[in-house]
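Q: Please take a close look at a single part of this model, one place where two helices pack against each other, and explain it carefully for someone in a first year of study. Please then set that part beside its surroundings and the rest of the chain.

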Amino acid sequence: MENSITRRDMLKGAGASLAAVALPGTPFSSEPSAQSTATAQDQTRAQRMQWWHAARFGMFIHFGVYSTIERHEWVMENEAIPMNQYVPHAVTFKPVLNSPRAWARLAKQAGMKYMVMTTKHHEGFCNFDTKLTTYCAPKQGPGRDMVREYVEAARAEGLRVGFYYSLMDWHHPDGARCATDEAARRRFVDYTYGLIRELMTNYGKVDVLWYDVAWPLDANGWESERMNAMVFELQPEIIVNNRNKLPGDFSTPEQEIVAATNGRAWESCMTLNDSWGYQRADDDWKSSRTIVRNLVQCACDGGNYLLNIGPKPDGSIPEESVRVLTEVGAWMSTNGETIYKSDLCQVRRSNYASFTRTGNMLYMHVHFWPGEYVAISGLQTKVKAAHLLKTGAEVKFTQDEFQTKFVGLTEKAPDYPVTTIAIECESEPTQNTDFVRINKPRDGV
Ligand code: GLC
């Protein structure tokens with residue numbers, strides 16, 4: 001078939017052609033040199049990232065024309081919907097006025113400290129006002145700037161503001177051919193910079209720029225150094241992720257919790273069911289216990305957790321998401337300090353609990369409450385005292401070089417969905433289970 005070019009062919013083409021694309025000689029004249037800006041970014045990183053490390057927990061929001069189709073944000077591509085059938089949905093996209101207020105309230109209530117909303121997803125529709133395309137919220141169904149509404153909602157709740165921006169664009173005529181046609185690449189890169197410039201200029205202080213999918217270009221094709229240089233010139237305090245093919249300020253493991261190495265900052269992004277954009281048939285919801293466990297795991301390893309909601313076409317949040325996040329919020333209201341203030345925690349071996357640490361305080365987060373007692377193997381420091389975080393009630397314990405045992409516990413878990421025991425230690429708590437395995441007396445043999 002003459003016209004059947006597969007995605008893999010396109011990717012191959014992209015690689016081949018980019019090697020041949022020569023970038024213009026001095027494209028940066030009016031802006032600071034990319035080199036010196038990169039160094040400046042390194043120097044200011046610790047300070048720029050401070051609020052974000054302390055925040056730990058954020059809300060991701062996937063909202064766009066795809067929400068009206070109710071079949072996941074990749075529906076256009078996955079069902080190969082022709083452009084002339086997809087685009088008309090933009091007219092029927094009519095979110096209720098100020099629906100982002102409910103997103104922001106729920107985020108706040110859940111203990112989240114920042115939000116990241118899709119300003120433009122792969123479908124190419126801009127949720128913001130732009131001079132560069134009419135395929136944008138004010139000129140289509142919504143009839144107003146949805147990004148502005150979102151920004152105002154986040155600020156009203158005291159939450160930091162993040163913008164997700166997909167570099168890949170299925171709507172722009174140059175969005176795929178830019179890989180093999182230099183004139184198209186030039187136009188598409190200019191268009192992209194124009195949109196990003198508007199986002200970085202028209203909404204006051206923006207806290208996070210969350211790039212996504214760079215296909216079909218690489219860092220050379222996107223001129224990513226120059227992209228970041230422009231962003232930092234307009235928003236000196238911002239932090240950016242690594243999905244424009246540069247390292248940026250933090251890594252973005254997706255749907256998994258994997259700590260970055262070498263002290264690099266990381267944020268695990270995850271869906272509440274299996275879809276980012278609203279998918280009415282997806283009922284594979286995670287429980288509040290799973291969410292709390294995930295958040296604890298992120299905090300234990302020094303990372304952030306960016307948890308997604310996919311609002312319905314009218315902007316309302318699926319009931320299941322509200323229920324789960326409300327339960328998580330109730331837990332965070334008494335246990336949040338164990339997450340926000342956590343240092344890296346080496347203690348981790350248990351089959352019913354996970355751990356976080358602040359200084360010499362160890363928090364044992366029991367997700368399967370066995371009743372009567374809980375125990376930790378190989379704790380290397382002396383315990384001074386322990387209490388239930390939920391009630392403040394003292395917890396008695398026994399300790400020898402192998403086992404630390406917290407006793408006299410109730411049959412029923414004191415907290416939901418996870419019960420936390422605060423364990424005050426004499427020095428920084430660490431665990432050595434090898435020591436236990438080797439040295440614990442064995443019977444007879
Ligand atoms: C992927 C998907 C996208 C989603 C994103 C979130 O890149 O393409 O739909 O927005 O992950 O991390």
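A: When two helix axes are compared, an angle under 35 degrees counts as roughly parallel, one over 145 as roughly antiparallel, one from 65 to 115 as roughly perpendicular, and the rest as oblique. This is a predicted model, in which local features need pLDDT of at least 70 and side-chain atom pairs count only at pLDDT 80 or more, while totals for chains, interfaces and linings use all residues. Residues are numbered from 1 along each chain as its sequence is written.

The part to look at is the pair formed by helix H9, residues 182-201, and helix H11, residues 224-234 (helices are DSSP runs of H or I with at least four residues, strands are E runs of at least two, and both are numbered from the N terminus). Their axes come within 9 Å and cross at roughly 20 degrees (axes are lines fitted to C-alpha atoms, for helices over the stretch in contact, with angles from 0 to 180 degrees between N-to-C directions), and H9 and H11 are therefore roughly parallel to each other. Their crossing is right-handed, a term used when the near helix is turned clockwise from the far one by less than a right angle, with anticlockwise giving left-handed. On the H9 side, the residues that take part are Tyr193, Ile196, Arg197, Met200 and Thr201, and they meet Met227, Met230, Val231 and Leu234 in H11 (contact requires C-beta atoms, placed from the backbone, to lie within 7 Å). Sorted by class, this contact has seven nonpolar, one polar and one charged residues (Ala, Val, Leu, Ile, Met, Phe, Trp, Tyr, Cys and Pro are nonpolar, Asp, Glu, Lys and Arg charged, and the others, Gly among them, polar).

Now consider the loop between strand S4 (208-212) and helix H10 (219-222), which holds proline 216. The peptide bond leading from tryptophan 215 to proline 216 is cis, with omega near 5 degrees. Valine 213 lies in the loop between S4 and H10 as well, and its phi is near 20 degrees, a positive value in a residue other than glycine. Valine 213 is partly exposed, with 13 other C-beta atoms within 10 Å (20 or more such atoms make a residue buried, 12 or fewer exposed, and anything in between partly exposed, with C-beta atoms placed from the backbone).

For comparison, helix H12 (residues 288-300) and helix H13 (residues 319-335) pack with their axes 9 Å apart, at an angle of about 50 degrees, and are therefore oblique to each other. The crossing of H12 and H13 is right-handed. Here Ser288, Ile291 and Val292 in H12 meet Val324, Glu327, Val328 and Trp331 in H13, and these residues divide into five nonpolar, one polar and one charged.

Finally, both helix pairs belong to a chain whose secondary structure comes to 15 helices and 14 strands. The C-alpha trace of the chain spans about 80 × 45 × 45 Å along its principal axes, and buried residues make up 43% of its 445 residues. Of the contacts in the chain between residues at least 6 apart in sequence, 73% join residues at least 24 apart.

Conventions
Two residues are in contact if their C-beta atoms, placed from the backbone, lie within 7 Å.
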